[in-house]
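Please find below a colleague's note on the strand and helix arrangement of one model. The numbered points may be read alongside the sequence and coordinates.

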Amino acid sequence: MPANDLRRPTVLRGGAVLTMDSGRTVLEGHDVLVVDGRIAAIGVDLVVPDGADEIDARGGVVMPGMVDTHRHLWQTTTRGYGADWTLTQYFVWYYLNWGKKFRPADIHAGNLLGALEAIDAGVTTSVDWSHGLQTIDHAEAAVDALASVPGKFVLAYGNIQDAPANWTGTPEFRKFFDRRSGDLEGFQIAFDVTGDPSFPEQPAFEVARELDLAVTTHAGVRGATGDDAVRLIHEHGYGEARTVYVHASTFSADSYARIAATGGSVSVAAESEQNAGQGYPATAALRAHGIPVSLSQDSCVLGSGDLFSAMRSTLGADRAYEHLVAHARGETVTHVSLHADQVVEWATRGGARALGRDSEIGSVEVGKKADLVLVRNDDSPAMMPLLNPHGHVALHAQRADVDTVLVDGRIVKRAGRLIGVDLAGARRAVEATVDHLRAELGERAWREGMNPEIPDTKVLDNPYTYTDYRSAATRGAPASKR
């Protein structure tokens, strides 16, 4: 089925429209008209231009395209491989042992499949937290893959194998952004702050400022990045409204206050945080401090890959914590404080705000870009009755229920099928990467990697120190910083 012509208007008829405007208004039985890639009108029984493409949305939910602010797309080739991993095992496999085995072609394969997966699940904008970019060739491959998929992608350029000051300080790094600036929705720089008092990450912040790029950073991760990281960022003047702190699970009130004071936001990856152990999802503290929240799925190597799961995990974690605290006081929660509509907002407009795109995407309002999702599945008994649309999206919908996806008014998924993509080619590329990794590791190491042993070396006290892990493990002592 060919993609629709942007010059041809499209109307979604009769759905429950989750506008995600400032009042999180729900418009039952409304039409949404798209003209020239933007939302032209919202109403009942709209009169539309002749020849408009009509999509039946009755019995379904029309909502903004979701925004994932932190996903390691390059790891999609190892989907499910680390289903039983802790965060330490994740570090061992990707940072210490096998991350360097990924070639540019493997980065391309993971990004391609992950990007298609995002669109299929109604995530129209994704931040590729791409910390496997060991060389410029790896980065080129990452962008090439994302640019080939009909969605919106922000490349957060990172390299877990070297210190941020090193890889951001090269002329090639700066030239890369000049060369690829128009190929994606945008760029960020992705690196982590260890809390070292000498603040060795400062040169990387300076490069970000020079290139006018936001920084996204894993922060508040138990045993890795804590309060000292936020204090250093704040005291040196690098905390900005566009700074995205990923996880933020283990901070003191002081750190949350510093983030709030600078207008920064937090990307919560509740499913990963619960499974891997970065820390308990921090939504209660974030709400208490008035810190903007977006949602993310982190990595499908140890979790699922869609924001429906993210919404469910986030809602469940927040409510579980609220009940736990109340029970410890001998009290009972009679009314939960986090509602489904708030979590749907975090998955849509919250992500748009974090990326500075709130004026263009994240809600269904006239004049905004037509990044839209129709959640409807007449063949699923779980999709009826539709009584509370926000609750239905947050608790019952799944990727199989995403009927239609529009990006800038272009239909990229219709009747449950992606349009104009080479899924078979993506599968072949991923199979080639898996074959490469199995050959490089050997069959025994490949099998053992699903539950890797933890080496006896101090380097794992904080893997974000960007040391030469392999030589450190060989010597049994921490390597010096590069």
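The points that follow treat the sheet, the β-α-β units and a helix pair of this predicted model.

1. The sheet as a whole. Eight strands build an open sheet, and their order is E6-E7-E8-E9-E10-E11-E12-E13. The pairing in this sheet is parallel. Its edges are formed by strand E6 (66-71) and strand E13 (293-295), each of which pairs on one side only. On average, with direction ignored, neighbouring strands of the sheet are turned by 25° against each other.

2. Strands E10 and E11. Strand E10 covers residues 214-219 and strand E11 covers residues 244-247; the two pair in the parallel sense over four bridges. One specific pairing can be located by residue: Thr216 has Val244 in E11 as its bridge partner. Together with helix H7 (residues 227-235), E10 and E11 make a right-handed β-α-β unit.

3. Strands E11 and E12. On to strand E12 (residues 265-268), E11 again pairs in the parallel sense, here over three bridges. Val246 has Ser267 in E12 as its bridge partner. Helix H8 (residues 253-262) joins E11 and E12 in a β-α-β unit that is right-handed.

4. Geometry of the pair H2 and H3. Two packed helices are described by the angle between their axes and the distance between the axes. For helix H2 (residues 104-120) and helix H3 (residues 136-147), the packing angle is about 25° and the axes lie 8 Å apart. Because angles under 35 degrees count as roughly parallel, H2 is roughly parallel to H3. The crossing in which H2 passes H3 is right-handed.

5. Residues in the H2 and H3 contact. Which residues of H2 meet H3? On the H2 side they are Pro104, Ile107, His108, Asn111, Leu112 and Ala115. On the H3 side, the residues met are Asp137, His138, Ala141, Ala142, Asp144, Ala145 and Leu146. Sorted by class, the contact of H2 with H3 comprises eight nonpolar, three polar and two charged residues.

Definitions and conventions:
Residues numbered from 1 in each chain as written. Predicted model: local features only at pLDDT ≥ 70, side-chain atom pairs only at ≥ 80, totals over all residues. Heavy atoms only, no water. Pairing = 2+ DSSP bridges. Right-handed = clockwise from strand over helix to strand, strands pointing away. Axes fitted to C-alpha atoms, helices over the stretch in contact; angles between N-to-C directions. Parallel < 35°, antiparallel > 145°, perpendicular 65-115°, else oblique. Left-handed = near helix turned anticlockwise from the far one by under 90°. Contact = heavy atoms within 4.5 Å. Nonpolar A, V, L, I, M, F, W, Y, C, P; charged D, E, K, R; others polar.
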